[in-house]
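Q: Please take a close look at one strand of this model and at what surrounds it. I would like one connected account.

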Amino acid sequence: MNIAYSTSHYFENGVTNGLIDLRTVVFSTGGWMLLMGAGGAIWGGGTVGQAKGQGGPDVGLFFRAWHLSVDLQAGYGSSRTYGMLSASRSVGWDE
């Protein structure tokens, strides 16, 4: 099970956001994992005004050998239909 939460405040426009994802492993091999679940975001303040939000399903792939995660989230919210594709890689001192 994977739970992730992050928050950011942008001083340029005064907007604050919070992101949350809840996923679980649905398939795994020695080389990669497939994670599925749901996630969303809420933001407000500054130039945005009242709080707005969005949410939808999450699908992620984690490639163990490269410590690489590729995630896709799509859904609906204040901004209507949206989609987001992201990639991240973890790097440690022992690599």
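A: In this predicted model, strand β6 covers residues 80-89. Of its 10 residues, one is buried, so β6 lies largely in the open; buried here means under 20% relative accessible area.

The setting of β6 in the sheet comes next. Six strands make up an open sheet in the order β1-β2-β3-β4-β5-β6, with antiparallel pairing. β6 is an edge strand, as is β1 (2-10), and each of these pairs on one side only. From one strand to the next, the twist averages 20°.

The neighbour of β6 in that order is β5. Strand β5 spans residues 68-77 and runs antiparallel to β6, with 10 bridges joining the two. One of the bridge partners can be named: Leu 68 is matched with Arg 89 in β6. The connection from β5 to β6 is a hairpin through two residues.

Elsewhere in the sheet, strand β2 (residues 15-28) and strand β3 (residues 32-45) also run antiparallel, joined by 12 bridges. There, Ile 20 has Gly 40 of β3 as its bridge partner.

The surface also carries a nonpolar patch, formed by Val 26, Phe 27, Trp 32, Met 36, Val 59, Leu 72 and Leu 85, with about 630 Å² of accessible area together. β2 and β3 are the elements that give two or more residues to this patch. Leu 72, another member of the patch, sits in strand β5. Its relative accessibility is 45%, so Leu 72 counts as partly exposed, the class between under 20% and over 50%.

How values were computed: Residues are numbered from 1 along each chain as its sequence is written. This is a predicted model: local features need pLDDT of at least 70, side-chain atom pairs count only at pLDDT 80 or more; totals for chains, interfaces and linings use all residues. Side-chain values use heavy atoms; hydrogens and water are left out. Buried means under 20% relative accessible area, exposed over 50%, partly exposed in between (1.4 Å probe, protein chains only). Helices (H or I, at least four residues) and strands (E, at least two) are DSSP runs, numbered from the N terminus. Two strands pair if DSSP finds at least two bridges between them. Axes are lines fitted to C-alpha atoms, for helices over the stretch in contact, and angles run from 0 to 180 degrees between N-to-C directions. Patches are made of residues with over 30% relative accessible area and no salt bridge: like charges are joined within 9 Å, nonpolar side chains (Val, Leu, Ile, Met, Phe, Trp, Tyr) within 5 Å. Accessible areas come from the Shrake-Rupley method with a 1.4 Å probe; for residues, only the protein chains shown count as cover. A salt bridge is a side-chain nitrogen of Lys or Arg within 4 Å of a carboxyl oxygen of Asp or Glu.
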